[in-house]
Structures are given as structure tokens and as C-alpha cells.
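Colleague: Could you take a close look at one buried spot in this model, then work outwards from there? Please keep it brisk.

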Amino acid sequence: MSVGGAASPMNDEVVSSQGATSRLVLGIETSCDETAAAVVEAGRIVHSNVIASQATLHAPYGGVFPEVASRQHVRDIVPVIQEALRDAGADWPDLAGIAVTSGPGLAGALLVGANAAKGLAMATGLPLVAVNHLEGHLASNALHSGGAIITPETAGEGLPVLPYPHLALIVSGGHTDLVWVDAADRHQRLGGTRDDAAGEAFDKAARMLGLGYPGGPLVERAATGGRSDAFAFTVPRGLGLDFSFSGLKTALLRHVEAHGEGELPVADLAASFQAAVVRALVERCAAALEGRDARAIAVAGGVAANGTLRTALAARFPELPLWVPPAVLCTDNAAMIAAAGWHRLARGEDDGLAFDVGSSMGL
Ligand code: KG4
Ligand code: ZN
């Protein structure tokens, strides 16, 4: 198949084992409860993006059950990769390489994707790069323009591209990080959470309010119609560019316990709690932007899907373009892993077969 059509810069192609040049990367992601594979061109153009979510499988446990996640990844990984290649109309010789998440995440889950990727690299001779899941989330904003996923059909239309340098806020179920991003493959972590992640705070709040799992979207929905000033939640100060959400969780628990059964003001509590989390995130962004000449703010991770957060950021920083991926690229996906891996593959890097997974690897 043809890969891209448009002429690409000299160093922007990878010579495949068959001697052909390619800019297509197969991404594989299994760090948590999504089995995902995608084919992405040059870190930007999404040819396919397949995600098998395990959310309903874990819902009865109120969180991700690691053993269940690993077993389901084993069942789904091969069909998901096959579907990603089929959707892209690509075959192995068309690829420049493979990129797989090596951490952070659940060790057993990560191993399924990493071992599948190693097996494929061995069988095909393709180079393989191990990608940090958080760098994947950073790359997710390069895959869309104004919230619309860049596809082979739209790629040539001169769409606005993600500007650098920018301030990135990664807010997911496992992570909350503020990152200064100079270039697609150059960044510096400015701060992060000292305890719970923002998404984790939403998930725990949902459990306390009896809303179910995953909590973020349910809290957001429950907050509609609630008053965000009904309950006072104090956002901790004096942490520099770090966050802390465990105090908010304890405060919510106290409010919940103060009410009798059946008379919990769920909408007001959800709205007030959500407002406090959003306030904490927006305040830290403001502090991080002081003295830095950012061209944009980019939000990534599952919590980026939160409408209240988007509205608050847009209102607080009206002069800065706000980049937020479409929902399917906010939560875990393999397109972002392929995008993050592209820059290293284009430089000729290959991590080979000996790399390990790292459950608690940072940025
Ligand atoms: O990035 P992600 O899919 O997985 C991790 O890498 O952790 O993020 C999942 C997290 C969950 O905690 C979920 O509750 C949260 O993102 N989330 C939301 C919303 N949608 C998902 N939090 C707040 N508002 C939402 N609309
Ligand atoms: Zn994630």
C-alpha cells in the first residue's frame, strides 16, 4: 500500500526490513483495562484505532481487578492487532516499526502487550520501541486538530497543528502530572500528585456517592443540576506545582457520613467535589504558566474528557489555545503509543527484545 503520498523530509522515514520506506507504526497498549492497537503515520495521522474496553468486566469490583485484566488482554490482544492492521489496510511489510507501552501500569497487563510486541518484532524483523504510557498521553494531542482526529483523508488540508512549547496536564486514573513540552520528544515534568490521581479521586468520590465505576463520567453526570457552591471543599495550598487530592476525599467522606441513609444530596456533593478538583487543576496550571511563554495548554488522560475542566481552563486562559483530544483519545488507546514511538523509530532506535516492563515508571 502507499504510505502517505505527500513527500516527506529525508529523516522522516524509516527503511523497513524489505528496503521500502515507511512512516507507519503499529502501536500496542495494555497497561490497564483497555486492549488497544492502532496504526499511525508519522506520529500524526491515524489510519486505525481499535480499543477493546474491559470496563464492564471490572465494574462489579468498583475498580480494575489486575488478574482479570491480564487474562482478558490475553484473549483480546491478537484479534485487536489483526483488526487494527485490517482497518488500516496495512500488512507487516508496510510498517516502519512497532511501539508498545512498557509502563507505568499493571505489571501483568503490561507483560501481555510487551510479549506480543516482542513476538511480532521477532517474527517480522521490525524494530520495536518501548514507550512510556505518559509520553503516549502527551502525544495524544498531536493526533487531532480542533478535536477532530487527523485521518489520511484530512491530513493534507493544512489543519492547525499542536504548537510548542506548551504546558501539558496529564490527568488520568493513575496519574496527575504537569509537564512542560518543548517538542514532540522533549519535555520536562514540573509537578504531579503527592497522593491520589485526579481520576482516582473521581473514582473514589463516585464510590462514596453510590454512583458506580468508572467514576469520572458518573460524577460529572450526577453534578449536572447540582450546585457547585453547596459544600465547601478546601484545595490545599503550598505544594508548589504539586497536587494533593486525598484531603478532598476525606472531606467528601465526612459530608457523606453527616447525612442519613436516603437523604444524600448527591448532585450538590458531586458538583461541589468536581468544582474543587477542577479548581486545584486550574490553579496549578496558572502557577506553572507564570514566567513561561506557552503557546498552548494541552490536556490529556481520561479526566480531560471532563467538560467542567475544559470550560474552566478556557475561561481562565482565554488567550491560550486549549488542546484537548476527542474522548476516544483521552482515555487509554494505542494511537498515542504509536505516535510517541514514531520519533524514536524515525531516529533509527530499536529497543530490541530485552526490555522489561516497569509498573511504576515515571516521566
Ligand atoms: O487515561 P485513563 O483512561 O486511564 C488511565 O491511564 O488511568 O483514565 C481513566 C480515568 C478514570 O479515573 C475515570 O474516572 C476518569 O479517567 N474519567 C473522568 C471522566 N472520564 C473519565 N474523570 C472526570 N470526568 C470525566 N468525564
Ligand atoms: Zn492512561
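**A buried leucine and beyond**

Modeller: Leu 178 is buried, with a relative accessible area of 0%. Bear in mind that the model is predicted. Leu 178 sits in strand 11, residues 176-183. Its C-alpha atom is 5.2 Å from that of Gly 191, although the two residues are 13 apart along the chain. Gly 191 is also one of the contacts of Leu 178, once neighbours within four places in sequence are left aside. Gln 188, Arg 189 and Leu 190 are among these contacts too. So are Leu 167, Ala 168 and Leu 169. Further along the chain, the list includes Leu 241, Phe 243, Arg 284, Cys 285 and Ala 288.

Now the metal site. His 133 and His 137 coordinate the zinc ion (ligand 2) through NE2, and Asp 332 does so through OD, at 2.0 to 2.1 Å. The donor spacing along the chain is H-x3-H-x194-D. His 137 lies in helix 4 (residues 133-139), and Asp 332 lies in the loop between helix 10 (327-330) and helix 11 (335-346), so this pair ties together parts 195 residues apart in sequence. Both His 137 and Asp 332 are buried. The geometry is irregular: angles among the four donor atoms run from 93 to 148°.

Last, a helix pair. Helix 5 (residues 198-208) packs against helix 6 (residues 215-223) at about 60°, with the axes 7 Å apart. The crossing is left-handed. Helix 5 contributes Phe 202, Asp 203, Ala 205 and Ala 206 to the contact, and helix 6 contributes Gly 215, Gly 216 and Val 219. By class, that makes four nonpolar, two polar and one charged residues.

Conventions:
Residues are numbered from 1 along each chain as its sequence is written. Chains are lettered from A and ligands numbered from 1 in the order in which they are written. This is a predicted model: local features need pLDDT of at least 70, side-chain atom pairs count only at pLDDT 80 or more; totals for chains, interfaces and linings use all residues. Side-chain values use heavy atoms; hydrogens and water are left out. Axes are lines fitted to C-alpha atoms, for helices over the stretch in contact, and angles run from 0 to 180 degrees between N-to-C directions. Helices (H or I, at least four residues) and strands (E, at least two) are DSSP runs, numbered from the N terminus. A crossing is left-handed if the near helix is turned anticlockwise from the far one by less than a right angle, and right-handed if clockwise. Contact means heavy atoms within 4.5 Å. Ala, Val, Leu, Ile, Met, Phe, Trp, Tyr, Cys and Pro count as nonpolar, Asp, Glu, Lys and Arg as charged, and the others, Gly among them, as polar. Donors are N, O and S atoms within 2.8 Å of the metal (3.2 Å for Na, K and Ca); water is not among the atoms, so sites may look incomplete. Four donors count as tetrahedral if all angles lie between 85 and 135 degrees; four count as square planar and six as octahedral if opposite donors are over 155 degrees apart and all others between 65 and 115; anything else is irregular. Buried means under 20% relative accessible area, exposed over 50%, partly exposed in between (1.4 Å probe, protein chains only).
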